[in-house]
Amino acid sequence: MSKKSKPARPPQGSQKLGVVILAAGEGTRMKSSLPKALHPLGGQPMILHLLRTVRLLKPDAVAVVTGHEAKQVEAALKPQAPLFKKLELICQTRQMGTGHAVTCAQNFIRCFEEIMILCADTPLLGFESLWQLLQIFRNQKYQVALLTARLLNPRGYGRVIRGATGDILKIVEELEASPKELNTHEINTGAYCFQSPSLLNICKTLTSSGAKKEYYLTDAVQLLRSQGGRIGAWICPNADEILGINSLIQLAQAERILSRRTLENLMRIGVTILDPMQTYVDSTVLVEPDTLLYPGTILKGNSKIASHCQIGPFSFLENTQVGPHSVVLYSVAVEARIADHAIIGPFSHLRQGSSIGSYSKIGNFTEIKASRIGRATKVPHLAYIGDAELEEEINVGAGTITCNYDGQQKHKTIIRAKSFIGSNVNLVAPVTIGHHAVIGAGSTITEDVPPETLAIARPRQIHKPKKK
Ligand code: UD1
Ligand code: CA
């Protein structure tokens, strides 16, 4: 970062728009071992929200500057690469401030005429705001355009200081601001558009400064101004969008904002949500119209709920698909599939690999794991079904257990169509029950049961005279 510099020019044939996302910071204020960019928000690592918004801008390339726990952050970013024309990962080995992070991306910046800089910790920025920023930057031919916002409570943000005529003079960080400057309500969101040559020049002139002895990107504004550069801003009208996440308290605020957005989007398309304050739906979840979400519903990951379902009250579904007209009451389902017209719960637990057929019923205190439950089969009470295949129209009595584990290996239970399993039956796997079979209550079945057979495997009841 030498002081003297020649004006840099983008090489011939440079492309138009490059986006640089700063994600190298340690996130000290999060007080967490997880890198800030990977903290989950709406069910996804925080940084993926911004990447999704950036994609809509259709930039020629995106660079993410990583540093703290770079490997972890890069692993989360790599699957995103095919979604962009070009996604580059740049490492800032020592975190010496936002200005230094941008300097690390100089070779990338050189390839573009325009550079948009964003911070990974402002995940709620909307496409419209970034687009408006880009438009004002392009139309007014500014050297830099800032995305700013006017906040009632500007605490924690850099303040945008304007002159008497409204010109932007500088950005001052809170730690260095005078009492008068602290009273400014216009803040820097950390999103900027730069003309690439101006930014490259500025990178050479930034010095470490301020209370933290860091290279502040925000100093670029004053430096550009001192060189006669034109500086503008787009004031974001939606204060919710610009939330910068530095702490877990702010992460919870962002979660609330995002959740409200997600729920409002669902309500707009016809999903009834009785109490949005008590309903949590990840932004990655799909819910179809005419479905009703009761309070206490938590839908996570890649869950997909078809139309005309009732979910909740108090149900947790993660990566679970539910077909139309199904009901899930007070239940937990993870990595499960529920077909149409099924009734789950109250108090059922569907574990990984459970597939519940149409018109079937899984009832009170029943646990299903890695099992297929056929159409119109009922397991209504107090059962454990693991590693099993139950065909159609079977009735499983209360207290039935598939004994799938011999202490070393898991074994399979197969129950053919239209069988009737009496209450309190142990099915010691591997075992197959033929179709239309009936198993007497209280039996412990260790051998295959042929079709259309009654099997009873329990001691005969005996009657003796009572001792006097
Ligand atoms: C920054 C701005 C502030 C603005 C606020 C908006 C500066 C100096 N201040 O402050 O004006 O109001 O964002 O939310 O820019 N980062 C790196 N490498 C580093 C340091 C940070 O990549 O060496 C990344 C972080 O991972 C983060 C972003 O830059 O994504 C912003 O850093 P952070 O420390 O959170 O800056 P703020 O103090 O919030
Ligand atoms: Ca921040």
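## The calcium site

In this predicted model, the calcium ion (ligand 2) takes its protein donors from Asp121 (OD) and Asn246 (OD1), which lie 2.2 to 2.4 Å from the ion. Those two residues tie together distant parts of the chain, being 125 residues apart. Asp121 sits in the loop between strand S6 (112-119) and helix H5 (127-140), while Asn246 comes from the loop between strand S13 (231-236) and helix H9 (248-268).

Are the two donor residues buried or exposed? Both Asp121 and Asn246 are buried.

## Around ligand 1

Now to the other ligand. There are 23 residues around ligand 1, and Gln92, Gly97, Thr98, Glu173 and Asn188 are the ones that come nearest. By type, the shell around ligand 1 splits into 9 nonpolar, 10 polar and 4 charged residues.

As for polar contacts, a polar side-chain atom of Gln92 is 2.7 Å from a nitrogen atom of ligand 1. The backbone joins in too: an N or O backbone atom of Ala24 lies 2.9 Å from an oxygen atom of the ligand, and a polar backbone atom of Ala120 is 3.5 Å from an oxygen atom of ligand 1. On its own, ligand 1 has 750 Å² of accessible area, and the protein covers 92% of that. Which elements give two or more residues to the shell? They are strand S1 (15-23), helix H3 and strand S10.

## Thr218, a buried loop residue

Thr218 belongs to the loop between strand S12 (214-215) and helix H8. Its relative accessible area is 6%, which is under the 20% cut-off, so Thr218 counts as buried. What does Thr218 touch, once neighbours within four places in sequence are set aside? Its contacts are Ile171, Glu173, Asn188 and Tyr192. Two of those names have come up before: Glu173 and Asn188 are among the residues that come nearest to ligand 1.

## Two covered helices

Helix H7 (residues 196-205) is mostly covered, with 9 of its 10 residues buried. The buried set is Ser196, Pro197, Ser198, Leu199, Leu200, Asn201, Ile202, Cys203 and Thr205. What do they pack against? The partners are helix H3 (98-104), helix H4 (106-109), strand S6, strand S10 (186-195) and helix H8 (219-226). H3 and S10 also give residues to the shell around ligand 1.

Helix H1 (residues 46-56) has 8 of its 11 residues buried, so the rest of the structure largely encloses this helix. Met46, Ile47, Leu48, His49, Leu50, Leu51, Thr53 and Val54 make up the buried set. After H1 comes Lys58, with a positive phi near 50 degrees.

## Asn238, in the same loop as a calcium donor

Asn238 lies in the loop between S13 and H9, and the calcium donor Asn246 is in the loop between S13 and H9 as well. Asn238 has a relative accessible area of 31%; because that falls between 20% and 50%, the residue counts as partly exposed.

A polar atom of the Asn238 side chain lies 3.1 Å from the backbone nitrogen of Asp240. How far is Asn238 from Thr402, C-alpha to C-alpha? The separation is 56 Å, for residues 164 apart along the chain.

## Backbone oddities

Most residues other than glycine have a negative phi, and most peptide bonds are trans. A few spots here go the other way. The peptide bond from Gly312 to Pro313 is cis, with omega near 0 degrees, and Pro313 is in the loop between strand S20 (310-311) and strand S21 (315-318). Ala429 and Pro430 are also joined by a cis peptide bond, with omega about 5 degrees. Pro430 lies in the loop between strand S39 (426-428) and strand S40 (431-433).

Then there are positive phi values. His341 is not a glycine, yet its phi is positive at about 55 degrees; this residue is in the loop between strand S25 (337-338) and strand S26 (343-344). Glu452, also not a glycine, has a positive phi of about 55 degrees, and sits in the loop between strand S42 (444-445) and strand S43 (454-455). Are these two buried or exposed? His341 is partly exposed, at 29% relative accessibility, whereas Glu452 is exposed because its 58% is over the 50% cut-off.

Terms used: Residues numbered from 1 in each chain as written. Chains lettered and ligands numbered in written order. Predicted model: local features only at pLDDT ≥ 70, side-chain atom pairs only at ≥ 80, totals over all residues. Heavy atoms only, no water. Donors = N, O, S within 2.8 Å, 3.2 Å for Na, K, Ca; no water. Helix = DSSP H or I, 4+ residues; strand = E, 2+ residues; numbered from the N terminus. Buried < 20%, exposed > 50% of the residue type's maximum accessible area, 1.4 Å probe, protein only. Contact = heavy atoms within 4.5 Å. Near = heavy atom within 4 Å. Polar contact = N/O pair within 3.5 Å; in protein donor to acceptor, adjacent residues only side chain to side chain. Areas by Shrake-Rupley, 256 points an atom, 1.4 Å probe, with all protein chains shown as cover. Nonpolar A, V, L, I, M, F, W, Y, C, P; charged D, E, K, R; others polar.
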